[in-house]
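Please review the model below together with the briefing that accompanies it.

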Amino acid sequence: MERIPIIIDCDPGVDDALAIILALHHPKVQLRALCSVTGNGNLENTTRNAKDILALCQRRDIPVYQGCGVALDGVQPETVESSFGDDGLGGYAASIASDNEVRQEHAVDFLLREISEHPGEITLFAIGPCTNIAHAIRRDATFAGKVKRLIVMGGAKGTGNMSPVAEYNFWADPLAAKEVFEAGFPKVDMIGLDVTNKIALGADVREMMRIFDTPISRFIYHATQKGVDDNWDFARRPVAPMHDVLTVGYLIDESILEMQDAFIEIETDGLSKGQSLVDIGGYWHNGQCNARYAASVDSRKFYQLFLTTVFHEKVNEINEFMKKEWR
Ligand code: BDR
Ligand code: CA
């Protein structure tokens with residue numbers, strides 16, 4: 001099987017970790033590197049967590065490049081301890097012994113070098129604030145055109161998680177998100193809260209993780225506890241965030257999401273800071289589109305893919321569960 005080369009720019013984050021885990025386990029995907037950015041935690045934590053996840057999956061061979069510790073405006077965005085704990089991994093970081101080194105090269109330098117050495121070949125994932133990618137665009141006007149495809153977790157059409165209208169990754173560095181959507185990437189998919197909220201991890205699959213009792217299932221079980229508690233306090237929904245992992249699921253099986261052509265713009269100031277304006281009706285720009293927007297998700301199909309890929313030795317048990325129990 002020909003493998004799809006990808007780079008994940010991320011701010012791990014429990015849901016970033018799940019995206020990395022899925023990418024590492026699927027034969028169709030070739031993960032070439034992780035780039036870290038400040039977001040869910042400060043840069044030191046997100047970089048350490050990127051290394052930890054690779055160590056957890058016995059893939060210390062994959063390089064980690066540290067990126068930007070402040071947003072484009074020079075300010076460190078607010079981190080997200082409420083969902084993922086002080087360490088960004090729901091308190092689990094200390095349980096993973098990682099001795100892999102971070103590369104010396106800055107993530108932005110790495111992105112510029114790697115993409116220009118492989119023009120038109122690499123799919124780039126943006127699952128944290130878009131800061132590193134915006135810096136790469138600012139430094140090289142040809143950068144965006146050389147990326148095969150950009151898959152972004154961010155934004156929403158009708159909701160928010162930092163304000164009524166803004167999702168965290170775009171809210172944390174709205175200027176970077178704006179510049180990314182204006183940069184002219186050949187293909188951009190925006191996978192936002194409208195769909196990622198629908199795949200939140202419920203008690204049934206979390207229990208399955210406890211029962212499987214493997215290093216990865218234990219990680220998922222424990223690292224998601226904080227998110228469940230937070231969602232209970234905030235919304236009386238005992239589920240954990242899974243946002244970022246849907247991007248990798250979609251790369252592997254596009255039929256998981258229904259996409260619509262759209263023109264997407266990002267607000268940078270005021271009450272609507274970080275809002276993604278998603279025009280699927282052709283109101284602006286003479287109906288031209290700059291991206292595709294994820295409108296709906298088949299959550300059953302996503303979980304079938306995620307679970308059978310990461311826990312392939314349990315495929316029969318998972319299939320029986322999915323047939324009987326799936327909500
Ligand atoms: C996004 O923000 C982060 O907290 C998550 O990792 C995800 O990338 C969801 O709004
Ligand atoms: Ca993230």
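The points that follow concern a predicted model and its ligand and cysteine sites.

Local features need pLDDT of at least 70 and side-chain atom pairs count only at pLDDT 80 or more, while totals for chains, interfaces and linings use all residues. Residues are numbered from 1 along each chain as its sequence is written, chains are lettered from A and ligands numbered from 1 in the order in which they are written, and side-chain values use heavy atoms, with hydrogens and water left out.

**Calcium ion (ligand 2)**
- Asp 11 (OD), Asp 16 (OD, listed twice), Ile 127 (O) and Asp 244 (OD) supply the protein donors, at 2.2 to 2.6 Å from the calcium ion.
- Donors are N, O and S atoms within 2.8 Å of the metal (3.2 Å for Na, K and Ca); water is not among the atoms, so sites may look incomplete.
- The donor residues follow the spacing D-x4-D-x110-I-x116-D in sequence.
- Asp 11 is buried at a relative accessible area of 0%, and Asp 16 is likewise buried at 0%.
- Buried means under 20% relative accessible area, exposed over 50%, and partly exposed in between (1.4 Å probe, protein chains only).

**Ligand 1**
- Residues around ligand 1 (a heavy atom within 4 Å) include Asp 16, Ile 127 and Asp 244.
- Oxygen atoms of ligand 1 lie 2.5 Å from a side-chain N or O atom of Asn 40 and 2.5 Å from one of Glu 167.
- Of the 280 Å² that ligand 1 exposes when taken alone, the protein buries 97% (Shrake-Rupley method, 1.4 Å probe).

**Cysteines**
- The count of disulfides is 0, a disulfide being a pair of cysteine sulfur atoms within 2.5 Å.
- Cys 130 is in no disulfide, and the nearest cysteine sulfur, that of Cys 68, is 12 Å away.

Terms used:
Polar contact = N/O pair within 3.5 Å; in protein donor to acceptor, adjacent residues only side chain to side chain.
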